Amino acid sequence: MAFTVLYLLAIVLVPLLTLPVKSFSEGWTFFWDTIRDPRVIASYRLTLGASFAAACVNGALGIVVAWVLVRYDFPGRRLVDAMIDLPFALPTAVAGITLTSLYAPNGWFGQYLAPLGIQGVFSPLGITIALIFIGLPFVVRTLQPVIADLDVELEEVATSLGANRAQVVFRVILPYLYPAWLIGFGMAFARAIGEYGSVVFIAGNMPMKTEITPLLIITKLTQYDYAGAAAIAFVLLLLSFSLLLILNALQGWSTKRLGY
């Protein structure tokens, strides 16, 4: 216990506690003026909105991908399973450059979006695509062991008692997977909020339009405005931490309700 507490203090709590101290080093007025700047508010709105949208997409796609990888055997299954971890191994800057090349107007995917009037790069859509890419493994890897532990006999028993396929999915499978899915959703959401490398290239970084909060923090640091950067980061920390607390509370409530 002593080692655990010491480790948490040294690695997590102490660095995080320095953030509010630095944020208010210039006084409350400076802090308030910094975080209510229209440019900062626009970056918060874009970062949280794109992160939530990406987490929702990953939540829907991740459960399908995890189910297929666990329950079905098909050629290339191991290769697909290994590719899920690609966002973990690939440098984020490389991912950003690759996605920008793919979704540019002359890219493999962008050339089909451009005639439809859809801008795949230098837009909120491009930011969301990048966040989907880096967040998918969190949902898939969280759900895979839970799906593997789900006994097929539970589905067979429900079917023998007269349940149709939709009832089996929504009354048996999804309630069992929900706590793990919520954890994966929260991890993907939190990861997306702080993502920088894969987004900075595809975003275009236009103030008030496609400028994410991590980029704004880096900009403040390059201008030696450490208190301003800490103030922006502190608000982002509070928002993300509050959302994670809510998700954890929902996860705990659902676990107790299901009795495991």
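**Figure 1. Lining of the second largest pocket in the predicted model.** By class, 9 nonpolar and 2 polar residues line the second largest pocket, and no charged residues do. The volume of the second largest pocket is about 180 Å³. Its lining consists of Ala190, Ile193, Gly194, Pro214, Ile217, Ala233, Leu236, Leu237, Ser240, Phe241 and Leu244. Two or more of these residues come from each of α10 (165–193), α12 (213–222) and α13 (226–258). Helix α13 gives the largest share of this lining, 6 residues.

**Figure 2. Lining of the largest pocket.** The largest pocket has a volume of about 230 Å³. Lining residues of the largest pocket are Asn58, Leu61, Met83, Ile84, Leu86, Pro87, Ile132, Phe133, Leu136 and Pro137. The elements that contribute two or more residues to the lining of the largest pocket are α3 (38–71), α5 (86–89) and α8 (124–149). The largest share, 4 residues, is from α8. By class, the lining of the largest pocket is made up of 9 nonpolar residues and 1 polar residue, with no charged residues.

**Figure 3. The largest cavity and its lining.** Rolling a probe the size of a water molecule over the atoms shows where empty space is left. The count of cavities of 30 Å³ or more is 1. The largest cavity has a volume of about 40 Å³. Thr47, Ser51, Ile127, Leu131, Ala192, Ile193, Glu195, Val199, Ile212 and Pro214 form the lining of the largest cavity. At least two lining residues are supplied by each of α3, α8 and α10. By class, 7 residues of this lining are nonpolar, 2 are polar and 1 is charged. Two of the residues that line the largest cavity, Ile193 and Pro214, also belong to the lining of the second largest pocket.

**Figure 4. Packing of α3 with α12.** Two packed helices are described by the angle between their axes and the distance between the axes. For α3 and α12 the angle is about 145°, and the axes are 8 Å apart. On the α3 side, the contact is made by Arg39, Val40, Ser43, Tyr44 and Thr47, and on the α12 side by Thr213, Pro214 and Leu216. By class, this contact has 4 nonpolar, 3 polar and 1 charged residues. Within α12, the buried residues include Thr213, Pro214, Leu215, Leu216 and Ile217. Tyr224 follows α12 and has a positive phi, near 60°. Thr47 and Pro214, both in the contact of α3 with α12, are also among the residues that line the largest cavity.

**Figure 5. Surroundings of Ser198 in helix α11.** Helix α11 spans residues 197–203 and includes Ser198. Ser198 is buried because its relative accessible area is 0%, under the 20% limit. Leaving out residues up to four places away in sequence, Ser198 touches Thr92, Ala95, Gly96, Ala130 and Ile134. A polar contact of 2.7 Å joins the side chain of Ser198 to the side chain of Glu195. Glu195 is also one of the residues that line the largest cavity. Pro91 is 107 residues from Ser198 along the chain, and the C-alpha atoms of Ser198 and Pro91 are separated by 8.3 Å.

**Figure 6. Surroundings of Ser23 in helix α1.** Helix α1 covers residues 2–23, and Ser23 lies in this helix. The relative accessible area of Ser23 is 0%, so Ser23 is buried. Not counting residues up to four places away in sequence, Ser23 touches Phe31, Ala227, Ala230, Ala231 and Phe234. A polar atom of the Ser23 side chain lies 3.5 Å from the backbone nitrogen of Ala231.

**Figure 7. Surroundings of Ala158 in helix α9.** Ala158 is in helix α9, which runs over residues 152–160. With a relative accessible area of 14%, Ala158 is buried, because buried means under 20%. Apart from its neighbours within four places in sequence, Ala158 is in contact with Ala163, Val168 and Val172. Ala158 and Pro137 are 21 residues apart in sequence, and their C-alpha atoms are 31 Å apart in space. Pro137 is one of the residues that line the largest pocket.

Conventions
Residues are numbered from 1 along each chain as its sequence is written. This is a predicted model: local features need pLDDT of at least 70, side-chain atom pairs count only at pLDDT 80 or more; totals for chains, interfaces and linings use all residues. Side-chain values use heavy atoms; hydrogens and water are left out. On a 1 Å grid over the protein atoms alone, a cavity is a set of points where a 1.4 Å probe fits but cannot get out, and a pocket is an open set with protein on both sides within 12 Å along at least five of seven lines; lining residues have an atom within 4 Å of a point. Grid points are joined across faces, edges and corners, and a volume is the space filled by probe spheres set on the points. Ala, Val, Leu, Ile, Met, Phe, Trp, Tyr, Cys and Pro count as nonpolar, Asp, Glu, Lys and Arg as charged, and the others, Gly among them, as polar. Axes are lines fitted to C-alpha atoms, for helices over the stretch in contact, and angles run from 0 to 180 degrees between N-to-C directions. Contact means heavy atoms within 4.5 Å. Buried means under 20% relative accessible area, exposed over 50%, partly exposed in between (1.4 Å probe, protein chains only). A polar contact is a pair of N or O atoms within 3.5 Å; within protein, one must be able to donate a hydrogen and the other to accept it, and residues adjacent in sequence count only if both atoms are side-chain atoms.
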